[in-house]
Amino acid sequence: MRALTFHGRRDVRVDTVPDPRIEEPTDAIVRVTSTGLCGSDLHLYEVLAPYIGEGDILGHEPMGVVEEVGAEVPGLAPGDRVVVPFNISCGHCWMCERQWFSQCETTQNRDQGMGASLFGFTKLYGQVPGGQAEYLRVPQAQFGPIKVPEGPADERFLYLSDVLPTAWQAVEYARIPEGGSVVVFGLGPIGQMAARIARYRGARVIAVDSVPERNAMARRHGIEVVDSSTVDDVTTAIRDLTDGRGTDSAIDAVGMEAHGSPAAKFAQQVTGLLPDAIAAKLMQTAGVDRLGALYSAIDLVRRGGTVSLSGVYGGMADPMPMLQIFDKQIQLRMGQANVHRWVPDILPLLTDADPLGVDDFATHRIPLADAPEAYATFQKKQDGMIKTLIQPKLG
Ligand SMILES: NC(=O)c1ccc[n+]([C@@H]2O[C@H](COP(=O)([O-])OP(=O)(O)OC[C@H]3O[C@@H](n4cnc5c(N)ncnc54)[C@H](O)[C@@H]3O)[C@@H](O)[C@H]2O)c1
Ligand SMILES: [Zn+2]
Ligand SMILES: [Zn+2]
């Protein structure tokens, strides 16, 4: 089959690789019809490159049609239409029973000291071949795949794989009080949906980004936007909008590659020049993230407010403003989305009325062969690209 494979920092290619096959009785094989390109893929493409193997297949937002199932996958049959969550979880361990699906004890990567395996996501998370491919082997298929009805286009359901549960969890974790306000940093796919969900649930939403078409998309969905490329001091601007107090909650939907953190950017670039084995070790002990968005969230949220992190961070030596976090009595919650935890809340909203506007989300639909170019375009935020769906059936 054809698949998007990793060959080094900013070097992904579409290669011919062996077809996946059933290896465990709990596996299924899915023919991928659509698969998303995610901001997390951009971290792999650049900063997290030392953790990825040459030839690893990327991608963790797939949906498609079941081709084959193992002997212990009673709920699925060939022909079923499914979305595959990016967490690989068993559904029956101690963590899964408590709905901490991203911490599944069956697929946890204990040798790496990390949580549940994820599709297409580095050696830290199991090095499981990902979904930007024509076919995908789905481990723990007795639990993972979400069956969806025939009829509507893929993009009605595809965002259940990652974007919508991640954004939903971001909003839950933000604990916005009844009638309260939230600031969302970053208007990539995660920030867009977090903003829409918070608004749908009745909050006042103010969002911050500097990319014109991302800001325009948010405004189209009734979000107040502060354009950080034109406003001198974002924090003051938003305080002015909130009686000088700041918002009740803040969501960081940016992560480790935030703009405006020059020292950490330099450290990340230095790591990029080292051989992978050394760089990976160094990042696990002395790695630094670019914390610009997180600092802004801490600074801006009102006293006693809640900060919710969806943006992914990976450094172990980040200097955090602990004094300020403590003094302001801020609550921080973070982590990979526990996808299945939120699916029952989200699925009923994926109707023709489309309250979350999933039909106005994807900006690009491309064949697999164009995926390497799309990574470069997405990283540079060119061509109005916000959310890209790779659709192998397009050729
Ligand atoms: N927790 C999870 O389960 C989970 C799941 C999916 C994605 N993520 C993470 O969420 C983050 C966002 O993903 P995405 O797909 O939306 O990515 P993206 O890269 O498309 O979006 C990030 C946005 O942040 C903006 N930005 C950069 N620095 C900023 C700053 N200082 N202030 C305000 N905005 C700033 C950028 O202009 C960009 O629009 C990434 O870190 C990704 O890895 C987490
Ligand atoms: Zn993703
Ligand atoms: Zn489990």
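This is a dialogue on how to read a predicted model, starting at the ligand and moving out to helices, strands and loops.

Colleague: Where should I begin with the ligand, and how many residues surround ligand 1?

Modeller: Begin with the shell. Here 29 residues surround ligand 1. The closest are Gly39, Ser40, His43, Asp209 and Ala337.

Colleague: Which elements each supply at least two residues of that shell?

Modeller: They are α1 (39–45), α4 (189–200) and β9 (204–209). Helix α1 gives the most, with three residues.

Colleague: What is the shell around ligand 1 made of, by class?

Modeller: Sort the residues by class before turning to single atoms. The shell has 13 nonpolar, 12 polar and four charged residues.

Colleague: Which N or O atoms of the protein should I then look at around ligand 1?

Modeller: Check whether each atom belongs to a side chain or to the backbone. The side chain of serine 40 has an N or O atom 2.7 Å from an oxygen atom of ligand 1. In aspartate 209, a side-chain N or O atom is 2.6 Å from an oxygen atom of the ligand. Glycine 186 takes part through its backbone, with an N or O atom 3.5 Å from a nitrogen atom of ligand 1. As for cover, ligand 1 has 880 Å² of accessible area on its own, and the protein covers 94% of that.

Colleague: Let us turn to helices. Which residues of helix α11 are buried?

Modeller: List the buried positions, then look down the axis. In α11 (residues 339–346), the buried residues are Val339, His340, Trp342, Val343 and Ile346. Down the axis of α11 these fall within an arc of 165°, so they line one face of the helix. The elements covering them include β7 (146–147) and α3 (163–174).

Colleague: What covers the buried residues of α9?

Modeller: The buried residues of α9 (292–300) are Gly292, Ala293, Leu294, Ala297, Ile298 and Leu300. Among the elements that cover them are β8 (181–185), α6 (234–241), β11 (249–252), β12 (306–309) and α10.

Colleague: How do I read a strand residue? Is valine 83 buried or exposed?

Modeller: Take its place, its accessibility and its contacts in turn. Valine 83 sits in strand β5 (residues 81–83) and is buried, at a relative accessible area of 0%. Beyond four places in sequence, valine 83 touches Pro62, Met63, Pro145, Ile146, Val148, Phe157, Leu158, Leu160 and Ser161. From valine 83 to serine 161 is 78 residues in sequence, but 6.0 Å between C-alpha atoms.

Colleague: Which residues is valine 138 in contact with?

Modeller: Setting aside neighbours within four places in sequence, they are Thr26, Asp27, Ala28, Val30, Val84, Phe119 and Pro145. Valine 138 lies in strand β6 (residues 135–138) and is buried, at 1% relative accessibility. Its C-alpha atom is 8.5 Å from that of threonine 26, with the two positions 112 residues apart in sequence.

Colleague: Now a loop residue. How far apart are the C-alpha atoms of isoleucine 22 and leucine 4?

Modeller: Separation along the chain and separation in space are read side by side. These two are 18 residues apart along the chain, and their C-alpha atoms are separated by 20 Å. Isoleucine 22 lies in the loop between β2 (12–16) and β3 (28–37) and is partly exposed, with a relative accessible area of 21%. The cut-off for buried is under 20%. Isoleucine 22 is in contact with Asp27, Ala28, Ile29, Glu68, Val69 and Gly70, leaving aside neighbours within four places in sequence.

Colleague: Is the loop residue glutamate 46 buried or exposed?

Modeller: Glutamate 46 is buried, with a relative accessible area of 14%, in the loop between α1 and β4 (62–69). The residues it touches, not counting those up to four places away in sequence, are Arg9, Arg10, Glu257 and Gln379.

Colleague: What should I note about the backbone, for instance phi of glutamine 329?

Modeller: Look for positive phi in residues other than glycine. Phi of glutamine 329 is near 55°. This residue is in the loop between α10 (322–327) and β13 (331–334), and is exposed at 61% relative accessibility. Aspartate 354 also has a positive phi, of about 50°. Aspartate 354 lies in the loop between α11 and β14 (362–366) and is buried, with a relative accessible area of 12%.

Methods. Residues numbered from 1 in each chain as written. Chains lettered and ligands numbered in written order. Predicted model: local features only at pLDDT ≥ 70, side-chain atom pairs only at ≥ 80, totals over all residues. Heavy atoms only, no water. Near = heavy atom within 4 Å. Polar contact = N/O pair within 3.5 Å; in protein donor to acceptor, adjacent residues only side chain to side chain. Areas by Shrake-Rupley, 256 points an atom, 1.4 Å probe, with all protein chains shown as cover. Helix = DSSP H or I, 4+ residues; strand = E, 2+ residues; numbered from the N terminus. Nonpolar A, V, L, I, M, F, W, Y, C, P; charged D, E, K, R; others polar. Buried < 20%, exposed > 50% of the residue type's maximum accessible area, 1.4 Å probe, protein only. Arc of directions from axis to C-beta. Contact = heavy atoms within 4.5 Å.
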